[in-house]
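Got your viewer open? Here's a walk through this model, one selection at a time.

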Amino acid sequence: MAFLAAASGFFSCSEAALFSVRPDQLRRLGREGRRSRAVVELLSDPERLLTAILFWNLMINIAYFALSSVVSIQFQKDGRPAEAGVVAVGAVLAIILFSEMLPKTIGVTGPRSVSTLVSLPLAASVRLLDPVAPVFGTVMRALKRVFLPGFQPEPYLQVQDLERAISLSTADQELAALEHSALQEIVQLSEQTAEELMRPRRHYQQFAPPVHLDDLGGRLTRSGYVLVSEPDSDEIARAIPVKHLWSVPRQHLEEFAVDVVYVPWCASVAVVFGELQRQRSEVAAVINEHGETVGIVTLEDLLETIFLSDSTRSGRLLERTAIQPLWEGGWRVTGMTGIRRLARELGLETPDTKSTTVGGVLQEELQRIPEEGDRVSWGQVEFHVVEVTDDGTLLVEMTLTGLLEDGV
């Protein structure tokens, strides 16, 4: 019984540990030894893993209680009912405390080290169940057809359903407004492209391997990541969050970097977010139609876009307001201000264009790099380039054309 209790505790501890491993811990485990890689392999198919754990735990517990029943019955036959009661109650308490509560607490407390420790025997037990696993799947599908013949997956939630859920979830109007704003930004992720959100190349720093901590010069990077390029090119290959630098050695930081995700410039931000989650990465390299890296999108950029209602690319990269009112019908904007944002916030009808930013529109209309003093009439507005900084940043005054004609 002690052996069976210990075996049950092993599977309980394994379940708690493996399913408590954080994504960043899992990425590091994938670059370590055999036991660590076994953890990554097990968690790559969580349904298979959980089925095996629950199966073996159930079999062990059945055997455990069968033995305890035999012992208890034997005491009854020997005319020792008190001992029979102690065995029955003690067996239940023992398996609860020493096979469930204590092992699960240990697993949750140290998921990374415990997962590595149990990975190889657990992997063997999972493979041992693989030959009969299809039988369980067949039985489950048969039971669904018998007892739940009309079961249908729930339809996807509509935006109206989510808005109603938010309004009913809290009586705090301020909190509801923040939740509603976040919901709107999440929905708009499918409308924005990676090109609209990305950090252009001149707004981040990259390093060629080998990369050492001293290369940073004691300063944080502008992007929040140490971006590592390919050894023989300037294309970004890996990234390591600056927040993790405390846990890595001072030399050869590239060995601790995580592969970036590659996305086309025209991909929606929702697709970029999905790829980052799927590949467990925090940085996406945006490439153009020639396969060249033109910018990056970071997980922090995405989260700021969702949860900060006034977050703009100009604010993040230039520390400037994207759209600053100057007078009635006049605004100052930056070259990287999005055309979609202009149309949404100012209620403008914009002409069809392939460009996504004010700077792109100016280049498209001028057929050259904009210079200070350039004026461009475009749809309902006129753009006047008032400043071009050394790094190519544009500051533009934008005025409604109708107001100019009226002498305002």
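Before we start clicking, one bit of vocabulary: two strands pair if DSSP finds at least two bridges between them. Also keep in mind that this is a predicted model.

**Stop 1: the hairpins**

Select strand β12, residues 381-388, together with strand β11, residues 375-378. These two run antiparallel and are joined by 4 bridges. To see one of the pairings, show V376: its bridge partner in β12 is F383. The turn is worth a look too, since β11 and β12 form a hairpin with 2 residues between them. G379 sits in that turn with a positive phi of about 65°.

Now add strand β13, residues 394-400. β12 and β13 are also antiparallel, with 7 bridges between them. Which residue of β13 is the bridge partner of E382? Highlight T399, and you have E382's partner. Here the hairpin has 5 residues between the strands, and G392 takes a positive phi near 90°.

Stay on E382 a moment longer and turn on side chains. E382 also forms a salt bridge with R375, where the closest N and O atoms are 3.1 Å apart. Are the two ends of this salt bridge buried or exposed? E382 has a relative accessible area of 18%, so it counts as buried. R375, at 53%, is exposed.

**Stop 2: salt bridges between helices and loops**

As background, side chains of opposite charge can pair when their charged atoms come close. The whole structure has 12 salt bridges, so there are others to visit.

Select E15 and K104, whose side chains meet in a salt bridge at 3.5 Å, N to O. E15 belongs to helix α1 (residues 2-18) and K104 to helix α5 (residues 81-109), so this pair links distant parts of the chain, 89 residues apart. K104 is partly exposed, with a relative accessible area of 28%.

Next, select R48 and D130, which meet in a salt bridge at 2.8 Å, N to O. R48 lies in helix α4 (residues 46-77), while D130 is in the loop between α6 (111-129) and α7 (133-147), so the pair ties together parts that are 82 residues apart in sequence. Both count as partly exposed: R48 at 28% relative accessibility, D130 at 29%.

**Stop 3: a greasy surface patch**

Go back to α5 and show its side chains. A nonpolar patch on the surface is formed by F65, V89, V92, L93, I96, L97, F98, M101, L102 and I106, with about 890 Å² of accessible area together. Which helix gives the largest share? That's α5, with 9 residues. One of the patch residues to click on is L93. L93 lies in helix α5 and is partly exposed, at 47% relative accessible area.

**Stop 4: an open sheet**

Select β2, β3, β4 and β5. They make an open sheet of 4 strands in the order β2-β3-β4-β5, with mixed pairing. β2 (206-207) and β5 (258-259) stand at the edges with a single partner strand each, so one side of each has no neighbour in the sheet. Zoom in on β2 and strand β3 (residues 225-229), which pair in the parallel sense over 2 bridges. Within that pairing, Q206 has L227 as its bridge partner.

Then move into the loop between β2 and β3, where you'll find P210. The peptide bond from P209 to P210 is cis, with omega near 0°.

**Stop 5: backbone oddities**

Most residues other than glycine have a negative phi, and most peptide bonds are trans. With that in mind, select R280, which has a positive phi of about 55° although it is not a glycine. R280 sits in the loop between α11 (269-278) and β7 (283-287), and is partly exposed at 36%.

Q367 is another non-glycine with a positive phi, about 60°. Look for Q367 in the loop between α15 (358-366) and β11; at 67% relative accessibility, Q367 counts as exposed.

**Stop 6: around T193**

Finish at T193, in the loop between α9 (173-188) and α10 (194-197). T193 counts as buried, at 17% relative accessibility. What is T193 in contact with, leaving aside its neighbours within four places in sequence? Show W265, C266, A267, S268, V269 and T356. Of these, C266 is partly exposed, with a relative accessible area of 46%. As for disulfides, the structure holds 0.

Terms used. Residues numbered from 1 in each chain as written. Predicted model: local features only at pLDDT ≥ 70, side-chain atom pairs only at ≥ 80, totals over all residues. Heavy atoms only, no water. Disulfide = S-S within 2.5 Å. Buried < 20%, exposed > 50% of the residue type's maximum accessible area, 1.4 Å probe, protein only. Salt bridge = Lys/Arg side-chain N within 4 Å of Asp/Glu carboxyl O. Contact = heavy atoms within 4.5 Å. Patch = residues over 30% accessible without salt bridge, like charges linked within 9 Å, V, L, I, M, F, W, Y side chains within 5 Å. Areas by Shrake-Rupley, 256 points an atom, 1.4 Å probe, with all protein chains shown as cover.
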